Amino acid sequence: MQTFTTSGVCAKTIDFKIEEGIVKSVKFNGGCAGNAIGLSALVEGMKVEDVVTRLQGTECGKRPTSCPDQLSKALKEFIK
């Protein structure tokens with residue numbers, strides 16, 4: 001399990017597990033519970049690269065980032 005510390009969003013950290021390039025689990029710690037659970041359910045089972053492509057650059061209101069964007073940053077760090 002990896003932990004990523006977020007920046008600029010309500011969730012404080014994101015815990016995630018990757019196996020053989022596939023997202024196995026994601027848990028947002030803090031933030032909007034319903035959105036976090038829904039986002040986690042949608043990306044679990046997807047290829048890491050596909051999740052990054054779909055989520056990077058997503059904004060939240062006037063914020064230049066969002067929980068989906070922060071997840072993409074976490075996964076990009078993981079694959080480096």
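This is a short group-meeting talk on the fold, helices and salt bridges of one predicted protein model.

Hi everyone, thanks for coming. Since what we have on screen is a predicted model, let me begin with confidence. The chain has a mean pLDDT of 96, and 100% of its residues reach 70 or more. Among the elements, strand S2, residues 13-19, has the highest mean pLDDT at 98, while helix H1 has the lowest at 95.

Now the overall layout. You can count three helices and three strands in the chain, and along the sequence they follow the pattern β-β-β-α-α-α. For those of you who like a sanity check on dimensions, a compact globule with 80 residues would have a radius of gyration near 12 Å, and the 11 Å of this chain agrees with that. The C-alpha trace spans about 35 × 20 × 20 Å along its principal axes. Of the 80 residues, 38% count as buried. The exposed surface of the chain is about 4,900 Å², with carbon and sulfur atoms supplying 52% of it. As for contacts with a separation of 6 or more, 37% of them are accounted for by residues 24 or more positions apart.

Let's move on to the helices, starting with H1, which runs over residues 33-43. Which residues of H1 are buried? They are Ala36, Leu39, Ser40 and Val43. Looking down the axis of H1, these buried residues fall within an arc of 100°, so they line one face of the helix. On the other side of H1 you find Gly34, Ile37, Ala41 and Leu42, which are exposed. And what covers the buried residues of H1? The cover includes strand S3 (22-29), helix H2 (48-55) and helix H3 (67-79). After H1 comes Gly45, with a positive phi near 95°.

Let me stay with Gly34 for a second. This H1 residue counts as exposed, at 56% relative accessibility. If you want a feel for distances, Gly34 and Phe78 are 44 residues apart in sequence, and their C-alpha atoms are 25 Å apart in space.

Helix H2 is next. Its buried residues are Val48, Val51, Val52 and Leu55. Seen down the axis of H2, they fall within an arc of 100°, so they line one face of that helix. Thr53 and Arg54 are exposed on the other side of H2. The cover over the buried residues of H2 includes S2, S3, H1 and H3. Just after H2, Gly57 takes a positive phi of about 85°.

What does Ser72 contact, once its neighbours within four places in sequence are left aside? Ser72 sits in helix H3 and is buried, at 1% relative accessibility. Its contacts are Val52, Leu55 and Gln56. Val52 and Leu55 are also among the buried residues of H2 we just went through.

On to charges. Side chains of opposite charge can pair when their charged atoms come close. How many salt bridges does a search of the whole structure find? It finds two.

One of them joins Lys17 and Glu19, with the closest N and O atoms 3.2 Å apart. Both partners are partly exposed: Lys17 has a relative accessible area of 34%, and Glu19 is at 36% relative accessibility.

The other joins Asp69 and Lys73, and there the closest N and O atoms are 3.9 Å apart. The cut-off is within 4 Å, so keep that in mind when you look at this pair. Asp69 and Lys73 are four residues apart in helix H3, so about one helical turn separates them. Asp69 counts as buried at 6% relative accessibility, whereas Lys73 counts as partly exposed at 36%.

Last stop, a backbone detail for the torsion fans. Most residues other than glycine have a negative phi. Glu20, which is not a glycine, has a positive phi of about 50°. Where is Glu20 found? The answer is the loop between S2 and S3. Glu20 counts as exposed, at 84% relative accessibility.

So, what to look for when you rotate the model yourselves: the buried face of H1, the buried face of H2, the two salt bridges, and the positive phi at Glu20. Thanks for listening, and I'm happy to take questions.

How values were computed. Residues are numbered from 1 along each chain as its sequence is written. Side-chain values use heavy atoms; hydrogens and water are left out. Buried means under 20% relative accessible area, exposed over 50%, partly exposed in between (1.4 Å probe, protein chains only). Helices (H or I, at least four residues) and strands (E, at least two) are DSSP runs, numbered from the N terminus. The arc is that of the directions from the helix axis to the C-beta atoms. Contact means heavy atoms within 4.5 Å. pLDDT is the predictor's confidence in each residue, from 0 to 100. The radius of gyration is taken over C-alpha atoms; the globule rule is 2.2 Å times the number of residues to the power 0.38. Accessible areas come from the Shrake-Rupley method with a 1.4 Å probe; for residues, only the protein chains shown count as cover. A salt bridge is a side-chain nitrogen of Lys or Arg within 4 Å of a carboxyl oxygen of Asp or Glu.
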